[in-house]
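This report describes the fold, one helix, the nonpolar cores and some backbone features of the model shown below.

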Amino acid sequence: MLNFDINSIKTPCFVVDENLLKKNLEVLKSVEDRTGCKILLAQKSFSMYSLYPMISEYLCGTTASGLYEARLGYEEMGRPFYKETHIFSPAYIEEDFDEILKYCDHIVFNSLRQWNMFKDRVKDSGKKIECGIRINPEYSEIETDIYNPCFTGSRLGALAQTFEGQSLDGISGLHFHTMCEQNSDTLERTIKVVDEKFGRYLKNMKWINFGGGHHITRDDYDIDTLCRCIMHFKDKYGLQVYLEPGEAVALNAGFMVTTVLDTLKNGCDIAIIDASAACHMPDVIEMPYRPNIINSGMPGEKRITYRLGGNTCLAGDIVGDYSFDKELDPGDKLVLCDMAIYSMVKTNTFNGMKLPSIAVCHSDGTVETVRTFGYGDFKCRL
């Protein structure tokens with residue numbers, strides 16, 4: 001059930017529902033309360049900073065993958081809410097590092113070499129900054145290499161053997177990220193490997209970060225097992241445990257509203273919409289991912305099946321095949337689900353496509369347009 005009137009939405013538009021977002025945040029807060037862990041928003045998945053004041057009521061801060069995300073988290077949630085700002089990068093750019101020091105209180109390095117390059121600048125910063133190393137336990141249950149940080153030849157994380165004979169003075173935590181949209185049974189198997197390979201170093205640490213990829217707010221997620229995994233490291237080593245989910249924060253909390261522009265036939269029924277898979281929801285092509293559409297079915301399930309295509313010249317700009325109870329006409333509006341995560345953060349202006357507006361549906365059902373885009377947003381990137 002939608003809490004807003006789709007006919008009031010000027011398309012294309014992302015709409016995030018506050019009530020659905022709050023439901024997710026309450027689940028995450030319950031994990032924090034049960035275990036004493038700290039959960040951070042991974043901004044690489046969801047960076048709608050107009051909602052950071054709401055998110056700050058539940059989570060402990062943000063984590064970033066680079067300078068600009070770090071600055072966004074610091075400015076929009078780190079202050080004035082006094083939340084933590086973490087960062088990890090495969091390699092830091094030297095001229096950016098002083099600015100990173102300004103925004104971040106936790107910096108995770110991808111290698112001991114990176115740590116040794118920058119440790120003196122951390123110490124001389126005059127700030128209390130806790131530093132960590134990302135580790136690669138060489139264990140993952142992700143089958144697709146593009147999303148697997150532990151596949152052979154991965155550039156992400158230090159292997160256990162690289163720690164041999166090396167000083168970890170100044171390192172207060174270890175970080176691993178080995179999951180993608182997975183349940184806590186995967187985490188339970190993963191931490192056994194982490195403990196076996198890195199346990200001797202953990203006894204001298206203050207914290208461990210479990211990374212992201214935990215689908216905590218999914219209906220079938222086993223929260224009890226997650227809590228058990230957290231408590232294992234707390235009880236055994238006295239560690240503060242961090243988690244940094246992105247998808248779980250806004251899972252199923254957002255929508256894309258789009259309008260049918262035209263229909264045609266070419267071996268099948270085709271509908272062209274004013275949104276684009278290539279420009280506005282590239283995960284549809286990259287993962288690939290098939291978003292649900294409200295009041296639609298699988299191909300052949302309902303009376304008429306359409307291939308939905310975007311309004312660009314890319315032949316493969318296809319959202320997918322969907323069936324409907326009645327024929328689609330120009331002007332009809334469609335609502336694509338689970339469009340808050342990895343959507344706004346990945347949009348682009350290929351073909352000069354207009355970026356979708358961003359709106360929030362408040363708890364009373366009113367819709368507020370937070371941001372609109374125009375020609376200037378296309379031109380300024382070129």
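## Backbone exceptions, core and helix α1

Asparagine 252 is partly exposed at 46% relative accessibility, where buried means under 20% relative accessible area, exposed over 50% and partly exposed in between (1.4 Å probe, protein chains only). The model is predicted: local features need pLDDT of at least 70, side-chain atom pairs count only at pLDDT 80 or more, and totals for chains, interfaces and linings use all residues. Residues are numbered from 1 along each chain as its sequence is written, and side-chain values use heavy atoms, with hydrogens and water left out.

Asparagine 252 sits in the loop between α8 and β10, and its phi is positive, near 60°, although the residue is not glycine. Tyrosine 82, in the loop between α3 and β4 (84-88), also has a positive phi, near 55°; this residue is exposed, at 66% relative accessibility. Most residues other than glycine have a negative phi, and most peptide bonds are trans. Two cis peptide bonds are tabulated here.

| Cis peptide bond | Omega | Place of the proline |
|---|---|---|
| threonine 11 to proline 12 | near -5° | segment before β1 |
| arginine 79 to proline 80 | about 10° | helix α3 (residues 67-81) |

The protein chain holds eleven helices and 16 strands; helices (H or I, at least four residues) and strands (E, at least two) are DSSP runs, numbered from the N terminus. Its C-alpha atoms fill a box of roughly 70 × 45 × 40 Å along the principal axes. The radius of gyration is 22 Å, which agrees with the value near 21 Å for a compact globule of 382 residues; this radius is taken over C-alpha atoms, and the globule rule is 2.2 Å times the number of residues to the power 0.38. Buried residues make up 53% of the chain. Among contacts (heavy atoms within 4.5 Å) with a separation of 6 or more, 68% are between residues 24 or more positions apart.

Helix α1 (residues 18-35) has 18 residues and reaches 26 Å from its first C-alpha to its last, close to the 26 Å expected at 1.5 Å a residue; the expected span is 1.5 Å times one less than the number of residues. Its buried residues include Leu21, Leu25, Leu28 and Val31. Seen down the axis of α1, the buried residues fall within an arc of 140°, so they line one face of the helix; the arc is that of the directions from the helix axis to the C-beta atoms. Lys23 and Asp33 are exposed on the other side. Elements covering the buried residues of α1 include β1 (13-17), β2 (38-42) and α7 (223-237). At the N-terminal end, aspartate 17 caps α1, with a side-chain oxygen 2.8 Å from the backbone nitrogen of asparagine 19. Glycine 36 follows α1 and has a positive phi, near 80°.

A nonpolar core is a set of buried Ala, Val, Leu, Ile, Met, Phe, Trp, Tyr and Cys residues joined through side-chain atoms within 4.5 Å. The largest has 98 residues, and those touching the most other members include Phe46, Phe210 and Phe233. Helix α7 gives the most to this core, with seven residues. Leaving aside neighbours within four places in sequence, the contacts of phenylalanine 210 include Phe176, Ile191 and Phe233. A second, separate core of ten residues includes Phe4, Val257, Cys337 and Cys361.

Terms used. A polar contact is a pair of N or O atoms within 3.5 Å; within protein, one must be able to donate a hydrogen and the other to accept it, and residues adjacent in sequence count only if both atoms are side-chain atoms.
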